[in-house]
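User: I'd like to learn how to read a model like this one, feature by feature. Can you walk me through it?

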Amino acid sequence: MFDLSAVVTSLTAFVEEHHYLAPAVVFGLAFGESLALISFFIPATVLLLAIGALIEAAGLHFFPIWLAAAAGAALGDAISYWLGFHYKERAKGFWPLSRRPDLVARAEDFFQRFGVWGVAIGRFFGPLRAVVPLIAGVLAMRQSHFQIANVASAALWAFAMLAPGAAALKLMGL
C-alpha cells in the first residue's frame with residue numbers, strides 16, 4: 001500500500017537536509033504534477049504544500065523555490081500541449097487517459113466552455129490540471145494564447161502551493 005505520510009516525511013527531511021536541492025526537487029514535483037499522463041501518479045500537491053511549510057521552518061529562500069515550481073509547472077503544461085498538438089485525437093487514447101474517457105470528456109467540455117481561461121483555471125482543479133493543456137493542443141489552440149495563460153497561471157499556482165505553509169508558520173511564530 002502507498003503510504004503518503006511516509007513519502008511526505010521522507011521528502012521534507014531530504015529537502016531540509018539538502019536545502020540547496022530544494023529548487024530542483026520542487027521543479028521536478030511541479031513538472032510531474034503538470035505533465036499529462038504522469039501527473040496521475042505523483043502526489044505533488046501534498047508534497048509542495050509540505051515544502052511550503054518547510055520554507056519558513058528551515059529558513060529556505062522563497063523566491064528560487066517559487067520560481068522553480070512555476071517553471072516546472074509551465075514546462076509540464078507546455079509539453080502536454082505539444083503532445084496534444086502533435087498527436088491530435090490519438091493523444092486521448094494514451095494510457096492512462098484511455099481508461100478515463102470521462103475525464104477527457106470533462107476536460108474537453110471545460111476547455112470548450114472557457115477557452116484560454118480554461119487553461120488558467122484548469123491548473124487549479126486536480127485531475128484537469130494535466131489534461132486541459134493536452135486538450136488545448138488537440139484542439140489546436142493558438143500557442144501564443146496558450147503560453148500566456150500557461151506561464152501566468154503557473155506562477156500563481158506555484159505561489160498558491162508554497163506560500164500558505166510558509167505564511168502559516170510565520171503567523172504562528174514557529
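**Reading the model**

Analyst: Sure, let's begin with the surface: the protein has an accessible surface of about 8800 Å², and 70% of that belongs to carbon and sulfur atoms. Keep in mind that this is a predicted model.

User: Got it. How many helices and how many strands are there in the protein?

Analyst: There are eight helices and zero strands. Going along the sequence, the pattern reads α-α-α-α-α-α-α-α. The radius of gyration is 16 Å, close to the 16 Å that the globule rule gives for 174 residues, so the protein is as compact as a globular protein of that length.

User: And what does the C-alpha trace span along its principal axes?

Analyst: About 50 × 35 × 25 Å. For contacts, look at sequence separation: among those with a separation of 6 or more, 78% are between residues 24 or more positions apart.

User: Now burial. What percentage of the residues count as buried?

Analyst: Buried means under 20% relative accessible area. By that cut-off, 45% of the 174 residues count as buried. Helix H7 (residues 128-138) makes a good worked case, with 11 of its 11 residues buried. Among them are Leu128, Val131, Pro133, Ile135 and Gly137, along with a charged name to remember, Arg129. Just after H7, alanine 140 takes a positive phi of about 60°.

User: Arg129 caught my eye. Which side chain does arginine 129 meet in a salt bridge?

Analyst: The side chain of glutamate 33, at 2.9 Å from N to O. The two sit in distant parts of the chain, with arginine 129 in helix H7 and glutamate 33 in helix H2 (residues 22-34), 96 residues apart. Why do we call arginine 129 buried? Because its relative accessible area is 7%, and the cut-off is under 20%. Glutamate 33 is buried too, with a relative accessible area of 7%.

User: How many salt bridges does the structure hold?

Analyst: Five. One of them pairs aspartate 77 with arginine 123, whose closest N and O atoms are 2.6 Å apart. Aspartate 77 lies in helix H4 (residues 62-87) and arginine 123 in the loop between H6 and H7, so this pair ties together parts that are 46 residues apart in sequence. Both residues are buried.

User: What about lysine 92: which side chain does it meet?

Analyst: Glutamate 108, in a salt bridge of 2.3 Å from N to O. Here glutamate 108 belongs to helix H5 (residues 101-114) and lysine 92 to the loop between H4 and H5, 16 residues apart. Lysine 92 counts as buried at 17% relative accessibility. When salt bridges share partners, you can read them as a network: Glu89, Lys92 and Glu108 are joined into one that way.

User: Last one: which residues form the nonpolar patch on the surface?

Analyst: Phe114, Val116, Trp117, Ile121, Phe124, Phe125 and Leu156, with about 670 Å² of accessible area together. To read a patch, ask which element supplies its residues; here helix H6 (residues 116-122) gives the largest share, three residues.

User: Is valine 116 buried, partly exposed or exposed?

Analyst: Valine 116, found in helix H6, counts as partly exposed at 32% relative accessibility. That class sits between the two cut-offs, under 20% for buried and over 50% for exposed.

Methods: Residues numbered from 1 in each chain as written. Predicted model: local features only at pLDDT ≥ 70, side-chain atom pairs only at ≥ 80, totals over all residues. Heavy atoms only, no water. Buried < 20%, exposed > 50% of the residue type's maximum accessible area, 1.4 Å probe, protein only. Helix = DSSP H or I, 4+ residues; strand = E, 2+ residues; numbered from the N terminus. Patch = residues over 30% accessible without salt bridge, like charges linked within 9 Å, V, L, I, M, F, W, Y side chains within 5 Å. Areas by Shrake-Rupley, 256 points an atom, 1.4 Å probe, with all protein chains shown as cover. Salt bridge = Lys/Arg side-chain N within 4 Å of Asp/Glu carboxyl O. Rg over C-alpha atoms; globule rule 2.2 N^0.38 Å. Contact = heavy atoms within 4.5 Å.
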